[in-house]
Amino acid sequence: MPDGIYDLGGQEVTVQEGKCILTSNGSLAGSIVTMNDARRNVAKWLGLSIMEQLQITSVNQAKRLGLFERKGSIQAGKDADIVILGLNGEIEMTICRGAIAFQHKNVFK
């Protein structure tokens, strides 16, 4: 989320300068790291291959959430949710249920 004030489980939090804090007292309220940044961090720290990164960020998460029958891998009958990464690891495109949901303006040009 961009900088601003939000509700987090009934508590007002402020997201500013890369931090999420309780508005009432300034205590750290949570992380604002993106999934892609988390993927890059763990890959760097543990030296994971792209296949290991996919296992952690897609397969394992879908199983943990009880959604693996529909999400987490590319198979016939699943939702066709796909994230396409560029060579630099940035998200170039996301496809949700077979339709493009996000496309970086320079992708495929």
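These are my notebook entries on a predicted model of a single chain.

**Entry 1: the chain as a whole**

I began with the secondary structure, and I counted two helices and seven strands in the chain. Read from the N terminus, the elements follow the order β-β-β-β-α-α-β-β-β. I then looked up the overall dimensions, and found that the C-alpha trace spans about 50 × 35 × 30 Å along its principal axes. The radius of gyration is 17 Å, whereas a compact globule of 109 residues would have one near 13 Å.

I also noted how much of the chain is covered: 18% of the 109 residues count as buried. The accessible surface comes to about 8,200 Å², and carbon and sulfur atoms hold 57% of that surface. For contacts with a separation of 6 or more, I find that residues 24 or more positions apart account for 11%.

**Entry 2: helix H1**

I turned next to H1 (35-46), which has twelve residues and reaches 16 Å from its first C-alpha to its last, close to the 16 Å expected at 1.5 Å a residue. Which residues of H1 are buried? I find Asn36, Arg39 and Ala43 in that class. They lie on the same side of H1, because they cover an arc of only 60° around the axis. I set beside this the general rule that an α-helix has 3.6 residues a turn, so residues three or four places apart point the same way.

What do the buried residues of H1 pack against? Their partners are H2, strand S5 (82-85) and S6. On the face turned away from the buried side I noted the exposed residues Lys44 and Trp45. Just after H1, glycine 47 takes a positive phi of about 65°.

**Entry 3: two residues of H1**

I picked arginine 40, which has its place in helix H1, and I looked up its surroundings. Its relative accessibility is 26%, so arginine 40 counts as partly exposed, a class that begins where buried ends, at 20%. Leaving aside neighbours within four places in sequence, I found arginine 40 in contact with Asn88, Gly89 and Glu90. For one of these, glycine 89, I also noted the separation: the two residues are 49 apart in sequence, and their C-alpha atoms are 7.8 Å apart in space.

Leucine 46 is also placed in helix H1, and I asked whether leucine 46 is buried or exposed. Leucine 46 counts as exposed, because its relative accessibility is 58%, and the cut-off for that class is over 50%. I took the distance from leucine 46 to isoleucine 5 as well: they are 41 residues apart in sequence and 34 Å apart in space, C-alpha to C-alpha.

**Entry 4: helix H2**

Helix H2 (residues 50-64) has 15 residues, and from its first C-alpha to its last I read 20 Å, close to the 21 Å expected at 1.5 Å a residue. Where is the kink in H2 centred? I place it at isoleucine 56, with an angle of about 30°. Just after H2, glycine 66 takes a positive phi of about 70°.

The buried residues of H2 are Gln53, Val59 and Ala62, and what covers them includes helix H1 (35-46). I followed this up at glutamine 53, which counts as buried because its relative accessibility is 7%. Not counting residues up to four places away in sequence, glutamine 53 touches Arg39, Ala43 and Leu48. I noted that Arg39 and Ala43 are themselves among the buried residues of H1.

**Entry 5: positive phi in two loops**

Last, I looked for positive phi values in residues other than glycine, and I recorded two of them. Glutamate 17 has a phi near 55°, and I place glutamate 17 in the loop between strand S2 (11-16) and strand S3 (19-22). Arginine 97 has a phi near 50°, and this residue lies in the loop between strand S6 (91-96) and strand S7 (99-103).

How accessible is each of the two? Glutamate 17 counts as exposed, because its relative accessibility is 69%. Arginine 97 is exposed as well, with a relative accessible area of 59%.

Note on methods: Residues are numbered from 1 along each chain as its sequence is written. This is a predicted model: local features need pLDDT of at least 70, side-chain atom pairs count only at pLDDT 80 or more; totals for chains, interfaces and linings use all residues. Side-chain values use heavy atoms; hydrogens and water are left out. Helices (H or I, at least four residues) and strands (E, at least two) are DSSP runs, numbered from the N terminus. Buried means under 20% relative accessible area, exposed over 50%, partly exposed in between (1.4 Å probe, protein chains only). The expected span of a helix is 1.5 Å times one less than its number of residues. The bend at a residue is the angle between axes fitted to the seven residues ending there and the seven starting there. Contact means heavy atoms within 4.5 Å. The radius of gyration is taken over C-alpha atoms; the globule rule is 2.2 Å times the number of residues to the power 0.38. Accessible areas come from the Shrake-Rupley method with a 1.4 Å probe; for residues, only the protein chains shown count as cover. The arc is that of the directions from the helix axis to the C-beta atoms.
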